[in-house]
Amino acid sequence: MTVRSLGYVVVEATDVGAWRKFAVDTLGLMEGPAGADGSVRFRIDERPFRIAVVPGKQDRFVSCGWEFRDAAELAAAIATLKAAGVAVRAGSDGEAANRAVRQIAYCADPAGNQLELFHGRTYDYAPFASPRGLSGFVAGELGMGHAVLPALQLAEVRAFYQRLGFADTDEMWLQMSPNPADPKLGIHFMHAACRRHHSLALVGMPAPSGAVHIMLEAKSLDDVGYALDRCIASGAHISSSLGKHSNDYMVSFYVRTPGGFDLEFGCDGITPDWETWVPTQSVIGDLWGHRWSPPPA
Ligand SMILES: [Fe+2]
C-alpha cells in the first residue's frame with residue numbers, strides 16, 4: 001500500500017497551443033496522442049504521457065497522478081484514506097481509459113490539492129524522441145519527476161501523505177526575511193517507493209496557480225543548458241537562475257509555465273538508498289546559484 005512514483009500531472013489551460021509551444025518547441029518534450037477529454041499530452045519516456053494539458057477556462061495546476069503497483073495496493077490505499085475520513089471517488093472505466101490506466105480514484109489532501117490514484121498504465125512502447133535533440137529524461141521507475149505543492153497546514157498535510165506510504169526524506173527551514181525573529185518557511189520533502197530523492201514536497205505557503213513547481217530531470221547538464229538557452233530565447237520568464245540544491249544536489253533552473261507555476265528543469269539528482277538514509281534538516285536551500293526573480297506583474 002505505497003505510492004510507487006509520480007505518474008503524471010494534469011494541467012488546465014485556456015490556450016493549449018501555448019503549452020504545446022512551451023513543452024515541445026522550448027523544453028523539447030514529445031507530443032503524444034491526445035486524450036479523449038481533448039487534452040494535449042506530453043511524453044518524456046515510454047509512458048503514454050507525463051503531462052496532460054486539458055482545455056478549460058483557467059490556467060492552473062489540476063492534479064498529481066500517483067501510481068500504485070496493482071489493484072490490491074490501490075484498494076488498500078483507498079481503504080486507509082476512507083478509514084481516516086477522506087472522501088474518495090472511484091473513477092469510471094471511461095475516466096481510467098482517458099488517463100491510459102486500468103483503474104483510477106480521486107481525492108484531495110487537507111490543503112485542497114487534488115490527487116488521482118491509479119494503477120495499470122497502458123503502454124504502446126513508442127520510444128521517446130525529443131524534437132529538440134535532448135538526450136532524454138531520468139524517469140521510468142523513478143516517475144516523471146517531482147511536484148511541490150502548497151500546504152499551509154504542513155503537519156496535517158504531511159500526515160495525509162504518510163497514510164499513502166510516503167516517507168520523510170528531509171526538511172528545510174528557510175529564513176526568508178532579514179528579521180531572524182520572523183517564522184521560517186518550512187518545506188517537507190517526501191519520497192515514494194522509488195529512489196527519487198523526493199517525488200513530493202510540501203511548502204508552508206499558498207500557490208494561487210495550484211502548484212509551487214513541478215520538476216523534470218534531464219539526463220545531462222548539456223540538456224539543461226540547451227533548454228535554458230531555448231527558454232531565454234523564447235521569452236519565457238526565468239524564475240530562477242541555474243543553481244544546485246543543497247539536499248538533492250539537483251542542478252537546475254526554473255521557468256514559468258503557461259500554467260502560472262514554475263517548472264524546474266534539472267539534472268544529476270541523487271538517488272538515496274532508503275535502508276541507510278537518515279532524514280536531516282537544511283537551513284539553506286542551495287549550495288550555489290538559484291537567484292530568484294518574480295515574474296513581471
Ligand atoms: Fe524541485
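# Group meeting: a sheet, an iron site and a pocket

Okay, let's start with the open sheet: eight strands, mixed pairing, and the order across it is β2-β3-β4-β1-β5-β8-β7-β6. The edge positions go to β2 (30–31) and β6 (89–90), and each has a single partner strand, so one side of each is left without a neighbour in the sheet. Before I go on, keep in mind that this is a predicted model.

Now, a little detail inside that sheet. Strand β3, residues 40–43, pairs with strand β4, residues 51–55, in the antiparallel sense, and there are three bridges between them. If you want a spot to click on, take Val 40, which stands opposite Val 53 in β4. There's also a helix lying against the sheet: α2, residues 71–83, packs on it and touches β7 (103–108) and β8 (114–119). The direction of α2 makes about 150 degrees with that of β8. And for anyone who wants the background, strands of a sheet pair through backbone hydrogen bonds, either parallel or antiparallel.

Next, the metal. Which residues are the protein donors of the iron ion? They are His 146 through NE2, His 213 through NE2, and Glu 264 through OE, and they lie 2.0 to 2.2 Å from the iron ion. Written as a sequence pattern, the donor spacing is H-x66-H-x50-E. His 146 lies in strand β9, residues 146–150, and His 213 lies in strand β13, residues 213–217, so this pair ties together parts that are 67 residues apart in sequence.

Are those two histidines buried or exposed? His 146 is buried, at 1% relative accessibility. His 213 counts as buried too, with a relative accessible area of 10%; the cut-off for that word is under 20%.

His 213 turns up again when we look at the largest pocket, which has a volume of about 730 Å³. There are 36 residues lining this pocket, and the closest to its centre are Met 205, Val 212, His 213, Tyr 254 and Trp 292. So which elements give two or more residues to that lining? The list is β9, β10 (167–174), β11 (185–191), β12 (200–203), β14 (238–245), β15 (251–256) and β16 (262–267). The largest share comes from β11, with three residues.

Let me stay with β12 for a moment. Leu 200 and Leu 202 point one way from this strand, Ala 201 and Val 203 point the other way, and all of them are buried. On the pairing side, β12 and β9 run parallel and are joined over four bridges, with Leu 200 as the bridge partner of Ala 147. β12 also pairs with β11, antiparallel this time, again with four bridges. There, Ile 187 stands opposite Val 203.

What about enclosed space? The count comes to one cavity of 30 Å³ or more, and the largest cavity has a volume of about 50 Å³. Its lining is made up of His 146, Arg 196, His 197, His 198, Met 215, Glu 217, Asp 248, Met 250, Gly 269 and Ile 270. Notice that His 146, one of the iron donors, is on that list.

Two residues from that lining, Arg 196 and Glu 217, bring me to Val 138. Where does Val 138 sit? It's in the loop between β8 and β9, and at 24% relative accessibility it counts as partly exposed. Leaving aside residues up to four places away in sequence, Val 138 touches Gly 143, Arg 196, Glu 217, Ala 218 and Lys 219. Take Lys 219: it is 81 residues from Val 138 along the chain, and yet the C-alpha atoms of the two are separated by 5.7 Å.

Last thing, a pair of backbone oddities. Most residues other than glycine have a negative phi. Ala 100, in the loop between α3 (93–98) and β7, has a positive one, near 60 degrees. Ala 100 is also buried, with a relative accessible area of 10%. Then there's Tyr 125, not a glycine either, with a positive phi of about 65 degrees. Tyr 125 lies in the loop between β8 and β9, which is where we found Val 138. Tyr 125 is exposed, at 64% relative accessibility.

That's my tour, so over to you.

Notes: Residues are numbered from 1 along each chain as its sequence is written. This is a predicted model: local features need pLDDT of at least 70, side-chain atom pairs count only at pLDDT 80 or more; totals for chains, interfaces and linings use all residues. Side-chain values use heavy atoms; hydrogens and water are left out. Two strands pair if DSSP finds at least two bridges between them. Contact means heavy atoms within 4.5 Å. Axes are lines fitted to C-alpha atoms, for helices over the stretch in contact, and angles run from 0 to 180 degrees between N-to-C directions. Donors are N, O and S atoms within 2.8 Å of the metal (3.2 Å for Na, K and Ca); water is not among the atoms, so sites may look incomplete. Buried means under 20% relative accessible area, exposed over 50%, partly exposed in between (1.4 Å probe, protein chains only). On a 1 Å grid over the protein atoms alone, a cavity is a set of points where a 1.4 Å probe fits but cannot get out, and a pocket is an open set with protein on both sides within 12 Å along at least five of seven lines; lining residues have an atom within 4 Å of a point. Grid points are joined across faces, edges and corners, and a volume is the space filled by probe spheres set on the points.
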